[in-house]
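This briefing covers a ligand site, a helix pair and two backbone details. Please keep the sequence and the structure at hand while reading.

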Amino acid sequence: MSQKKNENDLMDKIVSLSKRRGFVFPSSEIYGGIGSTWDYGPLGAELKRNLKNYWWDAMTNRRDDIEGLDAAILMHPEVWHTSGHVSEFTDPLVDCKKCKARFRADQLEMSRCPLKPSKSPLECGGELTEARQFNLMFKTYMGPLEDDANIVYIRPETAQGIYVNFLNVKNSSRQKIPFGIAQVGKAFRNEITPGNFIFRTREFEQMEMQFFVHPSEDQKWFDYWREERWKWYESLGINMDKMRWHEHDEKELAHYAKTAFDIEYEYPFGWQELEGIHNRTDFDLSRHMEATKKDLRYSDDVYTEKFIPYIIETSAGVDRTLLTLLVDGYDEVEIKGEKRVFMRLSPKIAPIQAAVFPLVKKDGMPEFAENVYHELKKRFKTFYDVSGAIGRRYARMDEAGCPFGITIDGQTIEDETMTVRDRDSMEQKRMKVGELIEFLEKQIYG
Ligand code: GAP
């Protein structure tokens, strides 16, 4: 079987498992779907929330030098002129003269011909038009009048909400440089070629942190954040052999960046960006200061001379990280001649952290199991399942990414111990409720 076929197979399997188990559904599916938008189902919504919380916790709660923010999606339109997005946030667009399909000129090798999806763009015998620049920002109108004076942009990155609040956050929190501002929120880009499931979509979420530093310390903090972000992925149990750094060359650098490194993951469709770490220098604050005439310079008792802080940005996609977890966690194992699917999600962010099963629906087992379930539910995301053979119940939870299965059996009624099955090692241990809670606390929260 060809390499390409294997790659497509894996993506197909992940899309299919996502639908079957309730991670991700095609958006507006009963209307035939709408290209490249996806809805997160019960397990997906939980996983996404856990992921965002895990990032938020690492970035804000566990540190004293980063504040949180939740800025509006709709901002003053001048923000986007000032930031350079109106003039610079473009991708090169080409059309196939034969089938009229549109492609990003710089991503032709990743694109498929719509007439023959097994082929790449020019294989259909078509010819491409000259590239023209296409702005990726969505526009709408603020208020009832649909005229140019009322155009507003739907933010393409969350970062600008942080820059325009730099003074507000600094003054209200009394933070001193170096310090950061973190934000999680939706961003929208009218991508020319969305695709690869939730990898590139037109509506997505970002987890961005902007760290304000003295210009003389930019390299030190850039290196520091590269290391921190790498460790964060490591802590999620991702296979780090599938991660690598990619440094942007002159041609790739965004209009605002002096240096940029991407953390890339090896997806079934190739190495692609998962997160960007950028040294944005004083570009953003200088531009906003010039446009608004507000003094965004900084000084304090250490830095007595006023300066415009440099910004080190860490910018990760929520949906893309979630896809990475699904791709990285997907595993097939043959057990007693049967192919079994495992979603090996870290217990820290798994949508179901523990599942409780009474072995049979009699002899006091369901009653005991329900008590255990209610006890665990106070601390962990717990699921109770009484229906079907125990093997099938384990299998459902393995696909859902649940790391621990707890079974109440005949012996439980005698000595109050139950089996705890580890999804990954498949080892089973017997323990009582108190030990079980301690065990799960340690496994999940470390
Ligand atoms: N503020 C800087 C910024 O937005 P970016 O490299 O354009 O930088 C950062 O985006 C991250 O946002 C990417 O690494 C990716 O994870 C995510 N992202 C960007 N465009 C996306 C899209 N169309 N669909 C899903 N995620 C996207």
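The points below are grouped by topic, starting with the ligand.

The model is predicted. The ligand has 22 residues around it, and the protein buries 93% of the area that the ligand exposes when taken alone. Elsewhere, helices α10 and α13 cross at roughly 35°, and a cis peptide bond joins isoleucine 177 and proline 178.

**Ligand shell**

- Glu157, Thr201, Glu208, Glu273 and Glu313 come nearest to the ligand among the 22 residues around it.
- Sorted by class, the shell holds ten charged residues, six polar ones and six nonpolar ones.
- Three strands, β10 (203-213), β13 (270-281) and β14 (310-317), each supply at least two residues of the shell.
- Of the elements that contribute, β13 gives the most, with six residues.

**Polar contacts of the ligand**

- Threonine 201 takes part through its backbone: one of its polar backbone atoms is 2.8 Å from a nitrogen atom of the ligand.
- Glutamine 206 takes part through its side chain, where an N or O atom is 3.0 Å from an oxygen atom of the ligand.
- Arginine 280 also has a side-chain N or O atom in the list, 3.5 Å from a nitrogen atom of the ligand.
- The ligand taken alone exposes 550 Å², and the protein buries 93% of that area.

**Helix pair α10 and α13**

- Two packed helices are described by the distance between their axes and by the angle between them.
- For helix α10 (residues 365-377) and helix α13 (residues 433-445), the axes come within 11 Å and cross at roughly 35°.
- The crossing of α10 past α13 is right-handed.
- On the α10 side, the contact is made by Val372, Glu375 and Leu376; on the α13 side, it is made by Val433, Leu436, Ile437 and Leu440.
- The residues of this contact comprise six nonpolar and one charged, with no polar residue.

**Backbone details**

- Most peptide bonds are trans, and most residues other than glycine have a negative phi.
- The bond between isoleucine 177 and proline 178 is cis, with omega about 5°.
- Proline 178 is found in the loop between α6 (166-173) and β9 (179-188).
- Serine 36 has a positive phi, near 65°, and is a residue other than glycine.
- Serine 36 is found in the loop between β1 (24-26) and β2 (38-40).

Methods:
Residues numbered from 1 in each chain as written. Predicted model: local features only at pLDDT ≥ 70, side-chain atom pairs only at ≥ 80, totals over all residues. Heavy atoms only, no water. Axes fitted to C-alpha atoms, helices over the stretch in contact; angles between N-to-C directions. Helix = DSSP H or I, 4+ residues; strand = E, 2+ residues; numbered from the N terminus. Left-handed = near helix turned anticlockwise from the far one by under 90°. Contact = heavy atoms within 4.5 Å. Nonpolar A, V, L, I, M, F, W, Y, C, P; charged D, E, K, R; others polar. Near = heavy atom within 4 Å. Polar contact = N/O pair within 3.5 Å; in protein donor to acceptor, adjacent residues only side chain to side chain. Areas by Shrake-Rupley, 256 points an atom, 1.4 Å probe, with all protein chains shown as cover.
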